[in-house]
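User: Please take a close look at a single part of this model and describe it for a first-year student. I would like a connected explanation, with each term explained when it appears.

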Amino acid sequence: MERAIEGFLFWSRWLLAPLYMGLTVVLIFFAFKFFQELIHLVPLLPQMVEADLILTALGLIDLALVGNLLIMVILSGYENFISRIDQSAQTEKLSWLGKVDAGTLKIKVAASIVAISSIHLLKAFVNILSIPNDKLMWLVILHMTFVLSALILAYVDKLAFAAHRDH
């Protein structure tokens, strides 16, 4: 009975596969949105002022950062929780694949959130004259919360690694 339960629980990790496939579809949506924004930019470029071009570029960077985050979660999540990805058959290899454990993934996700938040904050500063001070204050507070959370997460992970190494 115990083996059957353990076998079923071990098999249940495959229920995550459709979730990662769904995130891959979301990545396709982000790629579509990226190119839609890029194509939309071309006819506006001649009359566009520098600040608007900067805002558009920051929006595209934001989409790329979210895409990076999705790839990191999809591939390392699959490899950590479902099954190893055999890169030997692949012509292109990802140097980080197989080296990102759940703790490292959390830190990378937190760092990505900080980067995305930084882009939003930078966009707000480019538009500083049109953004109310209270909204700007909350954006800074939220960003600093993300930064502090990422630092605490990295510190806790470092402590856990040191404790694991010592034992």
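Analyst: What follows starts at one charged contact and then turns to its surroundings.

This is a predicted model, in which local features need pLDDT of at least 70 and side-chain atom pairs count only at pLDDT 80 or more, while totals for chains, interfaces and linings use all residues. Residues are numbered from 1 along each chain as its sequence is written, and side-chain values use heavy atoms, with hydrogens and water left out.

The structure holds one salt bridge, a term for a side-chain nitrogen of Lys or Arg within 4 Å of a carboxyl oxygen of Asp or Glu. It joins the side chains of E79 and R84, with 3.3 Å from N to O. E79 belongs to helix α3; helices here are DSSP runs of H or I with at least four residues, numbered from the N terminus. The two partners differ in how they are covered: E79 is buried, at 9% relative accessibility, whereas R84 is exposed, at 60%. In these terms, buried means under 20% relative accessible area, exposed means over 50%, and partly exposed lies in between, using a 1.4 Å probe and protein chains only. Leaving aside residues up to four places away in sequence, E79 touches R84, I85, L97 and G98, where a contact means heavy atoms within 4.5 Å.

Helix α3 also carries one half of an aromatic pair. There are three such pairs in the structure, and one of them is formed by W14 and Y78, whose centres are 6.2 Å apart with 75° between the planes, an edge-to-face arrangement. Rings of Phe, Tyr and Trp (its six-membered ring) pair if their centres lie within 6.5 Å, and planes under 30 degrees apart count as stacked, over 60 as edge-to-face and the rest as tilted. This pair links distant parts of the chain, since W14 sits in the loop between α1 and α2 (17-44) and Y78 in helix α3, 64 residues apart. Both rings are partly exposed, W14 at 33% relative accessible area and Y78 at 23%.

W14 also takes part in a nonpolar surface patch together with M1, I5, F8, L9, W11 and L15, with about 830 Å² of accessible area in total. Patches are made of residues with over 30% relative accessible area and no salt bridge; like charges are joined within 9 Å, and nonpolar side chains (Val, Leu, Ile, Met, Phe, Trp, Tyr) within 5 Å. The areas come from the Shrake-Rupley method with a 1.4 Å probe, and for residues only the protein chains shown count as cover. M1 is found in the segment before α1 (2-11), and M1 is exposed, with 80% relative accessibility.

Helix α3 (50-81) has a further neighbour, because the buried residues of α4 pack against α3 and against α5 (133-166). Among those buried residues of α4 are G103, L105, A110, V114, I116 and L121. As a general point, an α-helix has 3.6 residues a turn, so residues three or four places apart point the same way. The 25 residues of α4 (residues 102-126) should span 36 Å at 1.5 Å a residue, and the end C-alpha atoms are 36 Å apart, which agrees; the expected span is 1.5 Å times one less than the number of residues.

Notes:
Helix = DSSP H or I, 4+ residues; strand = E, 2+ residues; numbered from the N terminus.
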